[in-house]
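The following report describes one protein chain and its surroundings. Please keep the sequence and the structure in view while reading.

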Amino acid sequence: MLWIAVASGKGGTGKTTVAVNLALAIEEDVQFLDCDVEGANAHIFLRPQINSVRPVGVLSPRIDIDRCNGCGKCADACRFSALVKVKNRIKVIPNLCHGCGGCQLVCPTGALVLESRRVGAVSEGFAGEMAFASGELDVGQALSVPIIRELKALAGGRDHTIIDCPPGTSCPVVEAVQGCDRCLMVTEPTPFGLHDLKIMTKVLDRMGIPAAIIINRDRGPYRPLEEFCERSGIPVLLRIPFDRRIAELYSRGEVLVDNYPGFRESMVQLFEEVRA
Ligand code: SF4
Ligand code: SF4
């Protein structure tokens, strides 16, 4: 069983393209998790049949004002500033609450009740033989991590799991990558791509997750990126050419393994190198 995360420090590098086409090229039992819950779009390429959609909630406090004595201990205990004391009244800021329950533990009067608050949903289904699950953060919500956690809890029983991670390098990415056997970092040969690749490399290094690099929109060596790859010792497993036909296929929601010559073979080879 192999868990492969496909990530990118920077958005728009082609992470989903790699994740989707890699999943399609593996001729084994595969599960695809779209953990890019603020902008999930793998379904556009994979066109899954969705069989179930379930809400995801986090615990959030409600104050029983008849029992609250205004002591403020809950606000002092909250590390996330989700509770504010205003003139002996406690105000809850739901979007800052991480549902840890610490405030309830310190409340001396039992005035705090934790209730589930919806932050998004997960969808499950199949894209052909491939098991598919995708998360979606509700508009106006800020907590991606519980949805990603829920998605990963769904996985299992399949030979391989491919995770399309959120872009960036913050908590949602850490949650998505956590526990994976390998992380493919998709980058592009630009100063911005290199900058965010360096940050992502540090994150994976701290997490102890083996990394590999995929260079997208490659149009010849970009020296700073080549030097970084050499210096870091992180292998470059694939270079995807800068080609207008790829952009056109992407814009039509079509997959490269079926429409771009040689791409399926490249993905198969990539998978073999990842699991070697
Ligand atoms: S549950 Fe945790 S994060 Fe939420 S308000 Fe209470 S202490 Fe703060
Ligand atoms: S700890 Fe309990 S009693 Fe004290 S202010 Fe908070 S809710 Fe009210």
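Apart from neighbours within four places in sequence, Glu28 is in contact with Asp159 and His160; two residues are in contact if their C-beta atoms, placed from the backbone, lie within 7 Å. Glu28 belongs to the loop between α1 and β2. Helices (H or I, at least four residues) and strands (E, at least two) are DSSP runs, numbered from the N terminus. Because 10 other C-beta atoms lie within 10 Å of it, Glu28 is exposed. A residue is exposed if 12 or fewer other C-beta atoms lie within 10 Å of its own, buried if 20 or more do, and partly exposed in between, with C-beta atoms placed from the backbone. From Glu28 to Leu83 the C-alpha distance is 49 Å, with the two positions 55 residues apart in sequence numbering.

The model is predicted: local features need pLDDT of at least 70, side-chain atom pairs count only at pLDDT 80 or more, and totals for chains, interfaces and linings use all residues. Residues are numbered from 1 along each chain as its sequence is written, while chains are lettered from A and ligands numbered from 1 in the order in which they are written.

**The chain as a whole**

The protein chain has eleven helices and eleven strands. Its C-alpha trace spans about 70 × 45 × 30 Å along the principal axes. Of its 276 residues, 41% count as buried. Among contacts with a separation of 6 or more, 73% join residues 24 or more positions apart. The chain is divided into domain 1 (2–56 + 120–275) and domain 2 (65–110), with bounds that come from an automatic or database domain assignment. The C-alpha centres of domain 1 and domain 2 are 39 Å apart.

**Helices α1 and α9**

Which residues of α1 are buried? They include Lys15, Val18, Asn21, Leu22 and Ala25. Helix α1 (residues 15–25) is largely enclosed by the rest of the structure, because eleven of its eleven residues are buried. Helix α9 (residues 244–251) lies largely in the open, because the number buried among its eight residues is zero. Gly253 follows α9 and has a positive phi, near 70°.

**Strands β2, β6 and β7**

Seven of the eight residues of strand β7 (residues 130–137) are buried, so that strand is mostly covered. Two strands pair if DSSP finds at least two bridges between them. Strand β2 (residues 30–34) runs parallel to β7 and is joined to it by four bridges; here Gln31 has Ala131 as its bridge partner. Strands β6 and β7 pair in the antiparallel sense over eight bridges, and Val122 stands opposite Gly135 in β7. The two strands β6 and β7 form a hairpin with two residues between them, and Gly128 in the turn has a positive phi of about 65°.

Ala127 lies in strand β6 (residues 112–127). Is Ala127 buried or exposed? Ala127 is buried, because 20 other C-beta atoms lie within 10 Å. Leaving aside neighbours within four places in sequence, Ala127 is in contact with Phe32, Leu46, Arg47, Pro48 and Phe132. Ala127 and Gln49 are 78 residues apart in sequence, yet 6.2 Å apart in space, C-alpha to C-alpha.

**Strand β9 and its partners**

Strand β9 (residues 182–187) is largely enclosed by the rest of the structure, because five of its six residues are buried. Strand β1 (residues 2–7) pairs with β9 in the parallel sense over four bridges, and Val6 stands opposite Leu184 in β9. Strand β10 (residues 211–218) also runs parallel to β9, with five bridges joining them. In this pair, Leu184 stands opposite Ala212 in β10. From β9 the chain passes through helix α7 (residues 191–207) to β10 in a right-handed β-α-β crossover; right-handed means that, with the strands pointing away from the viewer, the path from the first strand over the helix to the second runs clockwise.

**The two ligands**

A residue is near a molecule if its C-beta atom, placed from the backbone, lies within 6 Å of it. In the table, Ala, Val, Leu, Ile, Met, Phe, Trp, Tyr, Cys and Pro count as nonpolar, Asp, Glu, Lys and Arg as charged, and the others, Gly among them, as polar.

| Ligand | Residues around it | Closest residues | Composition of the shell |
|---|---|---|---|
| Ligand 1 | 13 residues | Cys78, Ala82, Cys97, Cys100 and Cys103 | nine nonpolar, four polar and no charged |
| Ligand 2 | 13 residues | Cys68, Cys71, Cys74, Cys107 and Ala111 | eight nonpolar, four polar and one charged |
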